[in-house]
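Work through the following exercises with the sequence and the coordinates side by side, and try each task before reading its solution.

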Amino acid sequence: MTLLDDQQAANVSRRIILQAGAGLLGGAVLPWSCLAAFAADKPAIGTWPAGSQGDTVYVGAAVPLTGTYALQGADELKGWQLAVEHINGGHELMKALAPKVDKGLLGKKVELLSADSAAKPNQAVEIEQNFINQNKIILMTGSTSSAVAVALNKFAQREKVLYLAGISGSNDTTGKDCVRYGFRQNFFGQTAAAAIGPVLLKQFGKNKKAAFMTPDYTYGHTVTKSVNDYLTANGGWEMVTNQISPLGTQDFSQYLTNIANSGAEFLINVNWGRDAVLSSQQAKQFGLLPKMKLVIPYQIPFLAKEVGADITEGIFAATDFWWTQEDQYPLAKQFVEAFQTKYGYRPEWGAENSYVSFAHWARMVSEAGSFYPPDVIKQYEKGETIPSLLGDVHYRPEDHQCIRPVVIVRGKAKKDMKNDEDFWEVLEVVPGEGLMQKPDAFGCQLGDYT
């Protein structure tokens, strides 16, 4: 897999995006202009009004189903599929999150299209380009890789088609690479650091030595910086080494050797997906664990299931959602039950994030009473308090980030697990309002509506 650095990710594939625009002009926009150019006194924009004129509206997901992030991508896809099923069926959970949704959206069936992005930005853009050309999609989603999220942000703004990030942990997604047409529901590096940092300092004290393992792209660099900045400024911790590896690394021995020789007391693993699994397993094989304390500042769905409780026992992690929160939140219970009934396992937070993102989008469309993109955007930008699976949240108009809680968990010992999916104990649900940086702190400039 070719890995893009931060600058490349932020400006990914200008050629692809220009080609996409050319493709739209050649194969889609001109024929649509032969339709009514105006609807409700509003000019045509993006795929509107053509994409919402029939009895079905289409949304397109570019999601990794192969490669390092395949397992997490498949879980995300299940969340979107369940949300669409609930939108079209008028499920009671969907109506709790989006009360005006009733067996469809504004009288239309919603259909989800998906294709494998392999977590590659260019491939994701090409997928969405094809969905726009062929199906006139009114919404794009998917990422799992923040490099993909940044690319689709820019593509969405150019083509004036709404984009909901899937899993995206980079500060940049709603920071310097934010756009008017992009929104994010899930937590990210800075919020993870602000939530887990106090827990680490309380548990382990100040002036510790930490080794970081960082994937070499925007997610990894921003999460590592946020966590290190917090621990250094507030606890006097020292980063003794930062081992940066490309996506898809199979053998972490060179990085682990450097960590073994660094004098670190803590191993802070920012790797994600299959990379997180392999690096954690190999750290144990190297004898670094449990000699060093393992910390997962941005929890990976299915990590505990793949590496086993003998590795995750006692480790601290920040996450978006954990299924045992069904005991605390009635809407979480409805979601867990519905997901488990359909798919045969309890949902991880990728599925939770994708379901809630779609439910919030459906709410905004139904409240706006329109698929016209600027109307939907402005509905989000009202910043109204709305429900999620973990209580009330809202979207900031300045950067389109959902202000939501971060969940702190600790890995359970195998003997304490009540079932084969009971890997984590929820320690704290930290309100998002006090965690997140100011909207302009990371350089967000949203851009135009039209």
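A residue counts as buried when its relative accessible area is under 20%. The model examined here is a predicted one.

**Exercise 1. Decide whether C402 is buried or exposed, and find out why C402 has no disulfide partner.**

Solution. Begin with accessibility: the relative accessible area of C402 is 0%, and because the cut-off for a buried residue is under 20%, C402 is buried. Next, look for a partner: the closest cysteine sulfur belongs to C444 and lies 15 Å from that of C402, whereas a disulfide requires sulfur atoms within 2.5 Å, so the distance is too far for a bond.

**Exercise 2. Establish how many disulfides the whole structure contains, and describe where the linked cysteines lie.**

Solution. A search of the whole structure returns 1 disulfide. The bond is formed by C178 and C444, whose sulfur atoms are 2.0 Å apart, and with 100° about the S-S bond the link is right-handed. Placing the two cysteines along the chain shows that distant parts are joined, since C178 sits in the loop between strand 6 and strand 7 while C444 belongs to the segment after strand 17 (424-430), 266 residues apart. Both C178 and C444 are buried.

**Exercise 3. Work out the strand order of the open sheet of 5 strands, and explain which strands stand at its edges.**

Solution. The order is 4-3-5-6-7, with parallel pairing. Strand 4 (109-116) and strand 7 (182-183) each have a single partner strand, so they stand at the edges and one side of each is left without a neighbour in the sheet. Helix 5 (residues 121-135) packs on this sheet, where it touches strand 3 (56-63), strand 4 and strand 5 (139-141), and its direction makes about 165° with that of strand 3.

**Exercise 4. Carry out the corresponding analysis for the open sheet of 7 strands.**

Solution. Here the order is 9-8-10-11-12-16-17, and the pairing is mixed. The edges are taken by strand 9 (238-245) and strand 17, because each has a single partner strand. From one strand to the next, the twist averages 20°. Within the sheet, strand 8 (residues 209-215) pairs in the parallel sense with strand 10 (residues 266-269) over 4 bridges, and M213 has N269 as its bridge partner in strand 10.

**Exercise 5. Check what span helix 3 should have against its end C-alpha atoms.**

Solution. At 1.5 Å a residue, the 20 residues of helix 3 (residues 70-89) should span 28 Å, and the end C-alpha atoms are 28 Å apart, which agrees. Just after helix 3, G90 adopts a positive phi of about 65°.

Conventions. Residues are numbered from 1 along each chain as its sequence is written. This is a predicted model: local features need pLDDT of at least 70, side-chain atom pairs count only at pLDDT 80 or more; totals for chains, interfaces and linings use all residues. Side-chain values use heavy atoms; hydrogens and water are left out. Two strands pair if DSSP finds at least two bridges between them. Contact means heavy atoms within 4.5 Å. Axes are lines fitted to C-alpha atoms, for helices over the stretch in contact, and angles run from 0 to 180 degrees between N-to-C directions. The expected span of a helix is 1.5 Å times one less than its number of residues. Buried means under 20% relative accessible area, exposed over 50%, partly exposed in between (1.4 Å probe, protein chains only).
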